[in-house]
Structure formats: structure tokens, C-alpha cells
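Q: I have a protein–ligand model to read. Where do I start, and what do I look at next?

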Amino acid sequence: MTTRVALVTGGTGGIGTAICKKLADQGHKVATNYRSEEKAKAWQAQMKADGYDFALVKGDVTSPDEAEAMVREVEKTLGPIDILVNNAGITRDGTFHKMSAAQWGDVINTNLNSVFNVTRPVIEGMRGRKWGRIIQISSINGLKGQYGQANYAAAKAGMHGFTISLARENAKLGITVNTVSPGYVATDMVMAVPEEVRAKIAADIPTGRLGKPEEIAYAVAFLVDEQAAWITGSNLDINGGHHMGW
Ligand code: CAA
């Protein structure tokens with residue numbers, strides 16, 4: 001297989017870490033960004049102990065300038081970016097009638113505006129080389145909505161709108177653009193949901209359990225594969241049957 005350079009935003013988080021590992025297992029060179037140096041260094045040391053050597057670049061994805069600098073740094077260190085996984089995301093849950101502008105803005109900036117900020121400096125290189133894989137990590141809640149997540153669901157639904165437009169614009173250039181929409185996966189983000197609320201949500205999942213980060217990473221690896229060249233503009237739901245539709 002061809003070794004390519006992958007940038008996974010938010011790679012130090014639960015799903016992000018699994019994606020970084022899976023892409024590395026496939027033979028790719030993987031970079032991720034960080035905002036907090038302390039957390040990132042601890043993560044990198046843990047990854048080294050697990051046998052993984054990931055490049056870490058400083059960069060806040062909510063800033064267009066920092067995102068561009070981060071992309072250039074990865075290109076300088078590892079080479080041109082052929083695989084981009086827009087995975088960075090946060091929650092600031094709250095019912096809408098109590099939601100502050102900061103709760104709204106932080107989520108839209110981190111989960112949606114980041115997708116512009118990071119993809120914009122990457123796309124021209126992909127178009128020039130006529131090969132690319134861009135994947136948005138969205139959410140079941142962008143699809144079905146969730147009590148307390150007007151901000152998050154709006155951002156996550158927006159990510160797929162971005163996917164289907166970019167897919168059209170770049171289809172003839174060997175670049176595929178897809179969305180992966182995880183359901184409730186056992187990560188710190190989901191574990192932060194109050195226990196009684198989480199128990200109710202888990203009871204609604206037909207498989208009877210939360211997802212594993214590796215089960216999301218597997219889908220990313222599938223979409224990144226050379227053989228997935230005709231899959232573009234699609235959304236892959238991975239949620240244990242929690243939300244089914246077509
Ligand atoms: N459906 C219907 N009613 C609900 C509800 C739901 N899912 N969740 C809460 N309520 C009701 C409560 O039963 C309560 O009703 P009563 O007043 O009649 O008793 C009322 O809403 C409470 O409303 P408040 O505005 O006072 O709520 P709150 O301030 O206590 O907290 C909340 C609301 C922050 C939304 C809290 O319920 C919560 O954290 N919910 C979880 C939201 C969630 O699922 N987030 C996902 C995070 S993980 C993630 O995002 C990853 C991913 O992609 C899947």
C-alpha cells in the first residue's frame with residue numbers, strides 16, 4: 001500500500017486517538033494538533049509507550065491563521081497532506097432557552113468553523129496532486145437532534161452540508177469527501193453526560209452498549225482506503241442501531 005500523510009484534528013481525544021492509531025497501523029504517517037502542551041506531551045509519551053510515533057503540532061483549529069500554520073508545519077515535517085480527518089469537537093450542552101452566546105459560539109467555532117479553517121489550506125495541495133481523502137467526524141445528534149444540544153447538532157449537521165458540497169467540487173480530482181457520524185461512544189465526552197441521562201440514552205441503543213472508539217476508527221480506515229475511490233459525499237452512521245434511517 002501507499003504510505004500517505006494524515007492530519008487528524010483533535011487526535012488526542014478518545015475517538016481521535018483511535019483514528020490516529022488505526023491510520024498508523026495502515027502504514028500512514030500521522031500528525032495531530034494540540035492546544036494544551038502539557039496534555040499533548042503526556043499523550044505523546046503514552047502513544048510512544050504503545051509503540052506509536054505521532055507528529056504533534058501546536059494549533060487552535062478555531063483560528064484560521066493558527067490552522068494554516070499548523071498545516072504548513074505538518075507539510076514541512078511529514079510531507080504533503082493526503083488524508084484529513086476533521087475530528088476536533090467539543091460539547092457545551094444546555095437547553096436552548098438557557099444557552100449563552102458563548103456556549104453557541106464555542107461549539108460552532110470548534111466543531112464547524114474549524115472545518116473551514118483546516119480544510120482550506122489543505123485542499124489546494126490535494127487538488128494539485130489529484131488525490132485526497134477528507135472525512136468529517138459528525139454525530140448521530142446532527143442527524144436526529146438531541147435535547148440540550150441545539151449548538152452541537154447545528155454544527156454537526158453543518159459538517160455534512162460541507163461534505164456534500166466539497167464532494168461535488170472535487171470529485172473529478174481524485175478527492176473523496178465523506179462524513180462519519182458516530183453514536184454514543186465510551187469517551188470522556190460521553191462520560192461527562194450526567195449518569196442518569198446517560199443510562200437512559202444507553203437503554204435506547206439496540207446493541208445494548210456504547211460504542212468503542214476503535215469501531216469508529218475502522219470506518220475512517222475504510223473510507224481512506226485506495227479502493228474507496230468511488231465513495232464520496234456519503235454519510236456513514238455508526239451507532240449500534242440507535243438511529244436508523246435512509
Ligand atoms: N428528553 C426529554 N426531556 C429531557 C431530556 C431528554 N433527552 N433530557 C432532559 N430532559 C428534561 C428533564 O427530564 C427535565 O424535565 P422536568 O423539568 O420536567 O423534570 C428537564 O428536561 C430539565 O431541563 P433543564 O433545562 O433544567 O435541564 P438541565 O439544565 O438540568 O440539563 C441538559 C439539561 C444539559 C441537556 C442535560 O439533560 C444533559 O446533559 N443531557 C445530555 C445531552 C446529551 O446527550 N449530550 C451528548 C453529549 S455526548 C456527545 O455529544 C457525543 C455525540 O456526538 C453523541
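A: Start with polar contacts to the ligand. The model is predicted. Look for pairs of N or O atoms within 3.5 Å. Ser-139 gives one case: a polar side-chain atom sits 2.6 Å from an oxygen atom of the ligand.

Q: Which ligand atom type does the polar side-chain atom of Gln-146 approach, and what about Tyr-147?
A: An oxygen atom, at 2.8 Å for Gln-146. Tyr-147 also places a polar side-chain atom by a ligand oxygen atom, at 2.7 Å.

Q: How much of the ligand's accessible area does the protein cover?
A: Compare the ligand on its own with the ligand in place. Alone, the ligand has 1100 Å² of accessible area, and the protein covers 59% of that.

Q: How many residues surround the ligand, and which are closest?
A: Use a distance cut-off; here it is within 4 Å. The shell holds 19 residues. Asp-93, Ser-139, Gln-146, Tyr-147 and Tyr-152 are the closest.

Q: How does that shell divide by residue class?
A: Count by class: 9 nonpolar, 8 polar and 2 charged. Then map residues to elements. Helix H7 (188-191) and helix H8 (195-203) each supply at least two shell residues.

Q: What space lies in the largest pocket, and which residues are nearest its centre?
A: Read volume, then lining. The volume is about 1200 Å³. The lining has 50 residues, with Gly-89, Ile-90, Thr-91, Thr-187 and Met-189 nearest the centre. Elements giving two or more lining residues include helix H1 (14-25), strand S2 (29-34), H7 and H8.

Q: How does the pocket lining divide?
A: Into 21 nonpolar, 22 polar and 7 charged residues.

Note on methods: Residues are numbered from 1 along each chain as its sequence is written. This is a predicted model: local features need pLDDT of at least 70, side-chain atom pairs count only at pLDDT 80 or more; totals for chains, interfaces and linings use all residues. Side-chain values use heavy atoms; hydrogens and water are left out. A polar contact is a pair of N or O atoms within 3.5 Å; within protein, one must be able to donate a hydrogen and the other to accept it, and residues adjacent in sequence count only if both atoms are side-chain atoms. Accessible areas come from the Shrake-Rupley method with a 1.4 Å probe; for residues, only the protein chains shown count as cover. Helices (H or I, at least four residues) and strands (E, at least two) are DSSP runs, numbered from the N terminus. Ala, Val, Leu, Ile, Met, Phe, Trp, Tyr, Cys and Pro count as nonpolar, Asp, Glu, Lys and Arg as charged, and the others, Gly among them, as polar. On a 1 Å grid over the protein atoms alone, a cavity is a set of points where a 1.4 Å probe fits but cannot get out, and a pocket is an open set with protein on both sides within 12 Å along at least five of seven lines; lining residues have an atom within 4 Å of a point. Grid points are joined across faces, edges and corners, and a volume is the space filled by probe spheres set on the points.
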